[in-house]
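Hi,

Here is the structure I promised to pass along. Have a look at it first, and then read on for what turned up.

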Amino acid sequence: FTNINVGWPGKVHDARIFRNSGLFRLLQQGTFFPDQKITIGDVEMPIVILGDPAYPLMPWLMKPYTGSLDSSQDLFNYRLSKCRMVVECAFGRLKGRWRSLLTRSDLSQTNIPIVIAACCVLHNLSESKGETFMAGWEVEANRLAADYAQPDTRAIRRSQRDALRIREALKASFQSERGNQ
C-alpha cells in the first residue's frame, strides 16, 4: 500500500472518500506522478490509477465502460479488471493477515484509524520481507467478512441504471401523442 486514507465511516461511499483525499488532490494537480508520461499511438498520457464504475473517469483515473459495449470495450474492461484484481488480492492478504480488521472493534473512534494504518504498514513490511502467508488465513478472512459485509454498491448501481431506463421511457412517453393527453 503506497497511499492510505483512514478515518471515514464504513458507510461512506468509496468515491466520496476518494474525492476528499490527499491522493485525489495530488493526482488532480498532476504532482503524484510528476513528469511521468507515456505515449500510446498519438496520445500522450499520464500514469493512471484504476477504479471501478463508481469512480469518476479522469485523465489519470481509468474506469470500465458501462452500458451496451462493443467487443473492443468489452476487451478493455476485461483487461482493466485483471489489473484491478491485484488490488483486490492485496486487500485480501491484508485482511487475511490482520483479521481483526474484519470484526467489530471496541477501540475508540480516535484509535481505529491508527490501528488500520498500523496494519497497512505491518502488512507492507511482512510482504517486503517475504513473510509466510497461509492460504487458510484468506479463507477465514472471507468467512469473517461475510458477517460484516458492507452495503452492496453493485445493487445500488443496478438500481440507478434501472431508474435511468425508466426515466428515459417516461420522457419518451411524455413526448408522444398519448403523453400529451
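In which loop, between which two strands, is Trp60 found? The answer is the loop that runs between strand S3 (49-50) and strand S4 (61-62). Before I go further, please keep in mind that this is a predicted model.

Let me stay with Trp60 for a moment. Although Trp60 is in a loop, its relative accessibility is 7%, so it counts as buried. Leaving out residues up to four places away in sequence, Trp60 touches Phe18, Phe24, Leu27, Gln28, Pro46, Ile47, Val48 and Ile49. One of these partners, Phe24, is 36 residues from Trp60 in sequence, and the two C-alpha atoms are 9.8 Å apart.

Asp35 is also in a loop, in this case the one between helix H2 (22-29) and strand S1 (37-40). Is Asp35 buried or exposed? Asp35 has a relative accessibility of 81%, which is over the 50% cut-off, so it counts as exposed. The backbone is worth a glance there too: phi of Asp35 is near 55°, a positive value in a residue that is not glycine.

Now the overall layout. The protein has 6 helices and 4 strands. Starting at the N terminus, the order is α-α-β-β-β-β-α-α-α-α, with the four strands following two helices and preceding four more. Of the 181 residues in the protein, 19% are buried. If you take contacts between residues at least 6 apart in sequence, 52% of them join residues at least 24 apart.

Helix H3

H3 covers residues 71-97. With 27 residues at 1.5 Å each, H3 should span 39 Å, and its end C-alpha atoms are indeed 39 Å apart, so the two values agree. H3 does have a kink, though, of about 25° and centred on Cys83. The buried residues of H3 are a mixed set: Gln73, Asn77, Leu80, Gly92, Leu94, Gly96 and Arg97.

Where H3 meets H4

Two packed helices are described by the angle between their axes and the distance between those axes. For H3 and helix H4 (residues 111-128), the axes come within 10 Å and cross at roughly 105°. That angle is why H3 counts as roughly perpendicular to H4. On the H3 side the contact is made by Ala90, Arg93, Leu94 and Arg97, and on the H4 side by Cys119, Cys120, His123, Ser126 and Glu127. By type, these residues divide into 4 nonpolar, 2 polar and 3 charged.

Arg97 deserves a closer look. Arg97 sits in H3 and is charged, but with 12% relative accessibility it counts as buried. Apart from residues up to four places away in sequence, Arg97 touches His123, Ser126, Glu127, Glu131, Thr132, Phe133 and Trp137.

Across from Arg97, here is how three of the H4 residues look:

- Ser126 is in H4 and has a relative accessible area of 14%, so it is buried. Setting aside residues up to four places away in sequence, Ser126 touches Arg97 and Glu131.
- Glu127 is in H4 as well, and its relative accessible area of 32% makes it partly exposed. Beyond residues up to four places away in sequence, Glu127 touches Arg93 and Arg97. The C-alpha atoms of Glu127 and Arg93 are separated by 9.4 Å, with their positions 34 residues apart along the chain.
- Cys120, also in H4, counts as buried at 7% relative accessibility. Neighbours within four places in sequence aside, Cys120 is in contact with Ile4 and Leu94. The C-alpha atoms of Cys120 and Trp98 are 9.1 Å apart, and these two residues are 22 apart along the chain.

If you open the model, you could start at Arg97, which touches Ser126 and Glu127 among other residues, and then go over to Trp60 in its loop between S3 and S4.

Cheers

Notes: Residues numbered from 1 in each chain as written. Predicted model: local features only at pLDDT ≥ 70, side-chain atom pairs only at ≥ 80, totals over all residues. Heavy atoms only, no water. Axes fitted to C-alpha atoms, helices over the stretch in contact; angles between N-to-C directions. Parallel < 35°, antiparallel > 145°, perpendicular 65-115°, else oblique. Contact = heavy atoms within 4.5 Å. Expected span 1.5 Å × (residues − 1). Bend = angle between axes of the 7 residues up to and from the residue. Buried < 20%, exposed > 50% of the residue type's maximum accessible area, 1.4 Å probe, protein only.
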